[in-house]
Amino acid sequence: MHFSRGLLSILFRRGWSKLNSGDLHLIVANLLWGSGSIFTRLADQPATVIMFFRAAAAFSTVAAYLLLRRQPLGLNGVWRWTLASGVLISLSGLFFFLAVQTTTIGTAVLACNTGPIFYITWSCLFLGEKFERRTLLALPLAATGIILLVSNCEISLTSRDFVGILYGLASGLSYSFVVIIAKRFPHIPTASLILVQMGVAAVLFSPWVVLNPPVLTIQSLGAMTVLGVVHSGLCLAL
């Protein structure tokens, strides 16, 4: 689903003949990201525990990469924004895992994929970007999709589907601000940004692991490691 959305959006804007390296990075990231919900189910742990181990695995991987490359962080003057990005991506990840655990994978992924609706709007308000004609068509269609998604379930906080959709929307909203910060400060080194984001997430969710140690299995550890190394470290870098 992620892969189809990413590929179709690129082809809609460019066409096959105009694909560049950035487009290919986006396609690969969407292809990999699409399996994130499956590994979330395989982890079979509370969302807070998944967030901690996912963040810890990603942080360790990126830290090793920076050390091997002897690459400086290069975050002078943007520490506050980078830390804020870490808090926001922590919330986005938490809400995503809660959505997947609360409702069906398909419903959760659709709700989380509302992020573009938010960050296209914020980019116009805060970054001075202009709406394209295609965007003016796409946004109402996306909003209609959300309405159809919500209308298909009982609108009540006792409904797991409705609560799952709310978690998904919260995930998309949180992540939209992460995108805006990344676009506002394009000079921030990608690896450094991911290192701080995952470090902040690991710190924020460590109390749940320390105060209430989870019962881990090889399957859960493996799934959370994949979520950290592939779906957090590699996909965010792409």
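Colleague: What makes the passing of helix 5 and helix 6 a right-handed crossing?

Modeller: Helix 5 passes helix 6 in the clockwise sense, since a crossing is right-handed if the near helix is turned clockwise from the far one by less than a right angle, and left-handed if anticlockwise. Do keep in mind that this is a predicted model, where local features need pLDDT of at least 70, side-chain atom pairs count only at pLDDT 80 or more, and totals for chains, interfaces and linings use all residues. Residues are numbered from 1 along each chain as its sequence is written, and side-chain values use heavy atoms, without hydrogens or water.

Colleague: Why are helix 5 and helix 6 called roughly antiparallel?

Modeller: The axes of helix 5 (residues 79-102) and helix 6 (residues 105-112) cross at roughly 150° and come within 7 Å. Axes are lines fitted to C-alpha atoms over the stretch in contact, with angles from 0 to 180 degrees between N-to-C directions. Angles over 145 degrees count as roughly antiparallel (under 35 is roughly parallel, 65 to 115 roughly perpendicular, the rest oblique), so helix 5 and helix 6 earn the label. The helices themselves are DSSP runs (H or I, at least four residues), numbered from the N terminus.

Colleague: Which residues of helix 5 and helix 6 meet?

Modeller: F96, A99 and V100 in helix 5 meet I105, A108 and C112 in helix 6. Contact here means heavy atoms within 4.5 Å.

Colleague: On to the rings: why are W122 and F177 called stacked?

Modeller: They are one of seven aromatic pairs found in the whole structure. W122 and F177 are 5.4 Å apart, centre to centre, with 15° between the planes. Rings of Phe, Tyr and Trp (its six-membered ring) pair if their centres lie within 6.5 Å, and planes under 30 degrees apart count as stacked, over 60 as edge-to-face and the rest as tilted. W122 lies in helix 7 (residues 115-126) and F177 in helix 9 (residues 160-184), so the pair ties together parts 55 residues apart in sequence.

Colleague: How do you know whether W122 and F177 are buried or exposed?

Modeller: Buried means under 20% relative accessible area, exposed over 50%, and partly exposed in between (1.4 Å probe, protein chains only). W122, at 18%, is therefore buried, whereas F177, at 31%, is partly exposed.

Colleague: What makes F205 and W208 a tilted pair?

Modeller: Their planes are 40° apart, with 5.8 Å centre to centre. F205 is buried at 5%, while W208 is partly exposed at 46%.

Note on methods
Helix = DSSP H or I, 4+ residues; strand = E, 2+ residues; numbered from the N terminus.
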